[in-house]
Every structure is written in C-alpha cells, then in structure tokens.
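Colleague: Could you take a close look at one strand pair and then work outwards from there to the rest of the fold? I would like the cut-offs stated where each term comes in.

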Amino acid sequence: MKMRPVLAIAILATAAAAVLFRGSLAQEVKQDHHTERISGSAGDVLEDDPVGRLKVYVYDLPARYNTALLEKDPRCLTHMFATEVFVHRSLLSSAVRTLDPEDADWFFVPVYTTCDLTASGHPMPFDSPRMMRSAIRLVAERWPYWNRSEGADHFFVTPHDFGACFHFKEEKAVARGILPLLRRATLVQTFGQRRHACLKGGSITVPPYAPPARMEARLLPPGTPRSVFVYFRGLFYDSGNDPEGGYYARGARASVWENFRSNPLFDISTEHPATYYEDMQRAVFCLCPLGWAPWSPRLVEAVVFGCIPVVIADDIVLPFADAIPWADIGVFVAEEDVPRLDTILTSIPAEVVLRKQRLLASPAMKRAVLFPQPSQPGDAFHQILNGLARKLPHGDGVFLRPGQTVLNWTAGPPGDLKPW
C-alpha cells in the first residue's frame, strides 16, 4: 500500500488550533489599498476591509419576521441554516451599517425563513415563500427604495438546501424555481451548484453555520497525532425520503459505504459519537460528500479542525471561492470516482498532504468560514461584506425609470400566494 509514507508525515500536530478563534496572525501582512493578502506558508486568504467601502441599511421589520421566531423556537440559533440570524445580528453592530437609507449602497431585509422547524428540529421551508412575499410587500409599501430598483440593491440571506427555491427536495425545488420577487435581488445562500436553476446569478455563496464556541471548547492539545486516515460520520442512505435508493446524494454516499466499510484505512459509520469533533482532529482526510444538496457543515468542520476536506459533489460552488484557496487546501473527487477513493487518497504525495495541512493551520483560513459573535475581522460575515463591496458601484441599469416598476405579487406557485 502507498499509505505508509503519507501517514508517516501526515500525522501532524494541531499546534495552530489554540489560536483558531483569537489572537493575531504571525505572518507578514501586505497592505495595498483596501485589500490584504496574508503571505507565507500558513495560507493565503484574501482579506478585504469592507469598512468605508459600502454602507448597508437594515430594515426594521416587525418581530414576527425574525426575532419573534427565535423566541418561539431557540433551536433556530444552532442549526446549520442559522447564517441568516448571525448575519442580521452582525449587521446591527457593524461599522458598515447606516441609519440613513439615503446613504445606503445596499438594503438588507432580515427575514428568518428557516425558523419553521419540525418537532425533530429540521427546517421545512413550506411557509418561507409566503413569509418572504409578505416582507417584500411591507418593504415596498413603507419605504421607496425597493420600488426604485425592484430590489436590485437589496440582499437577502436564503440558507435553505436549495436557496430561494424554498424546498428541501431538488426536483420540487427546481419545479418551484427562485421566488420571482427576488429576480433582481442579490442572494446570500449556502447552496451553490453550477448551472443549477436554484443558484441565482450574482449570488454570494457562503458556508453553513457551525458553532464557533462549541468547537473552540473541544480543541485537542497541541501535538495530538493524526492517526486516522479517512474519517466520516453521517447517513449513507436516506430510506425515509429516498425509499428506492440511489437518489440520495446521487448514490455517492452509498458508494462510499459499499466500497469502503471494511477498508482499514476508512473510519466511516452512521453513528455520531460524542467525540466527533475530537475524532476529526485525529484524521488526515475528512469526507465531505453531497447529501440532498452539494454542501454540508462537514466542510466547515474539516477546515476548522485541520482535516483535509475531500469534497465529493460535482459542480459545487464553494463558499467565498474568490477569497479562500479551496484547490490548495482540499481534495476534489468526482462522484463517479468514489469507488477509487482509496487509490486516489493514498496516491497523494506526502509533501502535498503536508502543504495542505500547513495551509489549513492558518487562523485566517479557519476564521473565514465561521460566524463568531461578536464578528471578527476576516470572518465569514466580513467575507459577505467583501462580496457586496466588490459588486459596487451599482450599474446604470439598477434604478428603474418612473413607471417602469411592476411588482407582480401573483407570480409563483399557487401555494405561495396564501397570506402569511
């Protein structure tokens, strides 16, 4: 086997983990206008300073669109779709926020569309389109800014499995399509797949939410060896939603199980142990296969814990792809090549594994995929602001001529038209 030279060098300590969430960078920082690039072997994450480059007005909506939903079900703060909550909170205290809408470059509509939870805590977006339509109607009636551009200078966080298509099953999401009222707005969404009906052009693709404080509390001591070669915990089949099999994860997860459940290099299981975070810190490679959608929190967890992410999701659009060097820190395996995973991973030269681990050790790399509270420079919230700033100034076609605006409140599936 080719495993030995890779493991011999890849069993590295997690010394940088202690500065994962705090502390300054030891690398030299080069400044050029508003853009900073961190140089050196610890990584190269693009760090733009959004302050002074844009102003954001946050609409003050009735609590029933956001904070009242949290009071009713606090679980909205902890699931992987909680991005919408923490972006809102961070904006309220951010230096880019303006209280004068006349000065705003962007307008944010804080609607918590993922707080409609089942008893088991799974967000079901059945009410989301009606809630969004209601919020946009309110914004259009109370303020003049939506009507002048049909929302082209507005942005929304839509972190469902398939973004603003508002459904957790792909075929139904595609049939529904993106809510027509959002056709001109910018979407900040976790879903990203090239040439997909639910990825709107110009969207900012972001990571799902993973709890920074909880992960910080589970950091292992420096020097902990990486004695596991490949690690994965999660579903391989979803018999409840995919009774015939083969559709869930387009069969990629099933292929992982069927080919490698007995392979000694692979530590894979459906169990989710209490030591999950610690186990990732003991692994060299962490599988990040698609599920119903291309992404999952495993991508964030792998980066945070320095485990090389093995992305199995064809045509995935990764979060902050213009800022994070995903090709340098991860491994990408086509879904059809899953049966060759062992050969692919054991064939990676040891020096390449080492370099990826050094890059993953960068505190800046880890910070860029997290939403800490309060927000920190270079974190995921600031990456969103950077993305918005790079879309400025708005083009000549953003603002409509008088009489050109037509708000089509009856566009969309019939179920979306019920009052919310």
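How many bridges join strand β9 to β10?

Modeller: Four bridges join them, and β9, which spans residues 228–233, runs parallel to β10. The model is a predicted one, in which local features need pLDDT of at least 70 and side-chain atom pairs count only at pLDDT 80 or more, while totals for chains, interfaces and linings use all residues. Residues are numbered from 1 along each chain as its sequence is written, and side-chain values use heavy atoms, with hydrogens and water left out. Two strands pair if DSSP finds at least two bridges between them, and the elements themselves are DSSP runs numbered from the N terminus, helices being H or I of at least four residues and strands E of at least two.

Within the pair you ask about, Phe 232 stands opposite Ile 268 of β10, and Tyr 231 has Asp 267 as its bridge partner in β10. Tyr 231 also has a partner in β11, namely Cys 286, and β9 and β11 pair in the parallel sense over three bridges. Six of the six residues of β9 are buried (under 20% relative accessible area with a 1.4 Å probe and protein chains only; exposed is over 50%, partly exposed in between), so this strand is largely enclosed by the rest of the structure. The sheet to which β9 belongs is open and has five strands in the order β10-β9-β11-β12-β13, with parallel pairing. Its edges are β10 (266–269) and β13 (331–332), each of which pairs on one side only.

The connection from β9 to β10 goes through helix α8, and together β9, α8 and β10 make a right-handed β-α-β unit; right-handed here means that, with the strands pointing away from the viewer, the path from the first strand over the helix to the second runs clockwise. Helix α8 (residues 252–260) lies across β9, β10, β11 (283–289) and β12 (308–312), and runs at about 125° to β10. Such angles run from 0 to 180 degrees between N-to-C directions, with axes fitted to C-alpha atoms, for helices over the stretch in contact, and contact means heavy atoms within 4.5 Å. The buried residues of α8 are Ala 252, Arg 253, Ala 254, Ser 255, Val 256 and Phe 260, and what covers them includes β9, β10, β11, α10 (298–304), β12 and α12 (341–346). Another helix, α13 (residues 350–360), lies across β11, β12 and β13, running at about 105° to β12.

There is also an open five-stranded sheet with parallel pairing in the order β4-β5-β6-β7-β8, whose edge strands, β4 (56–58) and β8 (204–205), each pair on one side only. Three bridges join β4 to β5, with Val 58 having Phe 108 of β5 as its bridge partner. Strand β5 (residues 106–108) then pairs with β6 over two bridges, where Phe 107 has His 154 as its partner. Both faces of β6 (residues 154–157) are covered, since His 154 and Phe 156 on one side and Phe 155 and Val 157 on the other are all buried. Three bridges join β6 to β7 (residues 186–189), Phe 156 having Leu 187 as its bridge partner, and a right-handed β-α-β unit is made by β6, helix α6 (residues 170–176) and β7.

Among the helix contacts, the axes of α3 (residues 83–92) and α15 (residues 380–389) come within 10 Å and cross at roughly 75°. The two helices are therefore roughly perpendicular to each other, a label for angles of 65 to 115 degrees, where those under 35 count as roughly parallel, those over 145 as roughly antiparallel and the rest as oblique. Val 87, Ser 90 and Leu 91 of α3 and Phe 381, Ile 384 and Leu 385 of α15 make the contact. In the loop between α3 and β5 is Ser 93, which counts as exposed because its relative accessibility is 63%. Ser 93 and Ser 375 are 282 residues apart in sequence, yet their C-alpha atoms are 8.9 Å apart in space.

For the protein overall, there are 15 helices and 13 strands, and 58% of its 420 residues count as buried. Of the contacts with a separation of 6 or more, 72% are between residues 24 or more positions apart.
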